[in-house]
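Opened this one to look up its pockets first and its sheet afterwards. Notes follow in the order I went.

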Amino acid sequence: MQLLSDRILNMAQSATLAMAAKARELKEEGKDIIGLSLGEPDFNTPDFIKDAAIQAINDNYNSYSPVDGYGDLKQAIITKFKRDNGLTYTPNQIVVSTGAKQSLANIAAVMTNKGDEVIMPCPYWVSYADLVKLNDGIPVEVKTTIATDFKMTPAQLEAAITPKTKMIWFSSPCNPSGSIYSKEELRGLSDVLVKYPNVYVVSDEIYEHINYVGGHASMAQFEDMYDRTITVNGVSKAFAMTGWRIGYIGAPEKIARACNKMQGQITSGANCIAQRATITALNESPSRVQYMIDEFKVRRDLILGLLNEIEGFVTNVPEGAFYVFPNISYFFGKTLRGKTINNASDFSLYLLEEALVATVDGESFGNPDCIRISYAASQEQIIEAIKRIKAAVS
């Protein structure tokens, strides 16, 4: 009898976590690694949020929380959706989870049957495809290019829809490309989807506030898409709370109740102290964390300027998040310091071993011609990292 399930044997390891682990190993060996692989703000959680957590500890919040989140946290999420997105939800449409990743896992588990197809514009976040496969679904990749800022067109969406299509999953701002769908672009996609009323949308908006163009748009803002859209968000990125592990959804009530049921059998409610701190985070104006976004924009401009000085790196201008996603296919087939570069994985590993800079290959995001570079690092680290990369490929 086989020890491990086919399910786990067929699952890919998270590429971002794998690269981070490899970088840690080299650091432990004494190598001076600059890590530009993880999607994690390098800021500390703001003090006003930490103070709320301390108060929750002193107030003896130490018991199991409701599976789908404290009632006053759900009210804070409802207020946030209305204030920031113009979306109206009721408490029965909100489910709080242990990070937005669990929110996505819940959705995949409760909505995907064997053979269901889920459309994913490429590039997409690394875990999307495996979450769908884990539940016997079929990821359907829609290829985009740097020339179109990695955004799917309505014509591409329509061409990808089949009688088996169940959902479309995408993020805006996008991890890994930083692309943002405007309200007009989302309306164009919606105009296609209204012809297919059985297709649902999972809109991952975790990078919502890390936006350099303003005017974040949500698919659920359109009346004809509201009842078919699951909006996913959380506090990890904008509030520098990755380790606090709080994500949430606003969804049609039937889907929210199903996610609540699923979560009740897997983890139950999210961490009680983190939930109390999240109430404070969401009730505050997003302007309280604007200093982080301002600094990320400075770093974006810095890293783009430096990368554009390196022959073979083709970049666009990401409008949000904290990543650049350059096309590096120029190097395929070339030999650098005795090592032949066949693909993005080879190139990313080469940069780690030769430049001591950790990045992530684009194949894991559905685009094998690119690598993802995070600029959630100090300006000094960015300058040194790109200097090393330039030397390694020159």
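**Pockets, then the sheet**

I began with the runner-up: the second largest pocket comes out at about 380 Å³. Worth keeping in mind that I'm working on a predicted model here.

I pulled the lining next. The second largest pocket is lined by 18 residues, and those closest to its centre are Ala 12, Gln 13, Val 126, Ser 127 and Asp 130. Which elements give two or more residues to this lining? I got α5, α6 and β4 (138–142). The largest share is from α6, with six residues. Sorted by class, I have 10 nonpolar, four polar and four charged residues in the lining of the second largest pocket.

Then I moved to the largest pocket, with a volume of about 520 Å³. I found 27 lining residues for the largest pocket, and Gly 39, Lys 101, Trp 125, Lys 237 and Arg 245 are the closest to its centre. For this one, α2 (15–28), α5 (100–111) and α6 (127–134) are the elements that give two or more residues to the lining. I checked who gives the largest share of that lining: α5, with three residues. The class split for the largest pocket is 12 nonpolar, nine polar and six charged.

Cross-check on my own lists: α5 and α6 turn up for the largest pocket, and α5 and α6 turn up for the second largest pocket too.

On to the sheet. In what order do the seven strands run? I read off β2-β8-β7-β6-β5-β3-β4, an open sheet with mixed pairing. Why is one side of β2 (94–97) and of β4 left without a neighbour in the sheet? Both stand at the edges and each has a single partner strand, so that side stays unpaired. I also noted the twist: neighbouring strands are turned by 20° against each other on average, direction ignored.

I zoomed in on the β2 edge. Strand β8 (residues 247–250) is joined to β2 by four bridges, and the two run antiparallel. For a concrete pair, I picked Val 95, which stands opposite Ile 249 in β8.

Last look-up: what does α6 touch on the sheet? I have α6 packing on it, with contacts to β3 (117–121), β4, β5 (165–171) and β6 (200–204). The direction of α6 makes about 155° with that of β5. So that I don't lose the link to the pockets, I'm writing it down again: α6 is the element with the six lining residues in the second largest pocket.

Definitions and conventions: Residues are numbered from 1 along each chain as its sequence is written. This is a predicted model: local features need pLDDT of at least 70, side-chain atom pairs count only at pLDDT 80 or more; totals for chains, interfaces and linings use all residues. Side-chain values use heavy atoms; hydrogens and water are left out. On a 1 Å grid over the protein atoms alone, a cavity is a set of points where a 1.4 Å probe fits but cannot get out, and a pocket is an open set with protein on both sides within 12 Å along at least five of seven lines; lining residues have an atom within 4 Å of a point. Grid points are joined across faces, edges and corners, and a volume is the space filled by probe spheres set on the points. Ala, Val, Leu, Ile, Met, Phe, Trp, Tyr, Cys and Pro count as nonpolar, Asp, Glu, Lys and Arg as charged, and the others, Gly among them, as polar. Two strands pair if DSSP finds at least two bridges between them. Axes are lines fitted to C-alpha atoms, for helices over the stretch in contact, and angles run from 0 to 180 degrees between N-to-C directions. Contact means heavy atoms within 4.5 Å.
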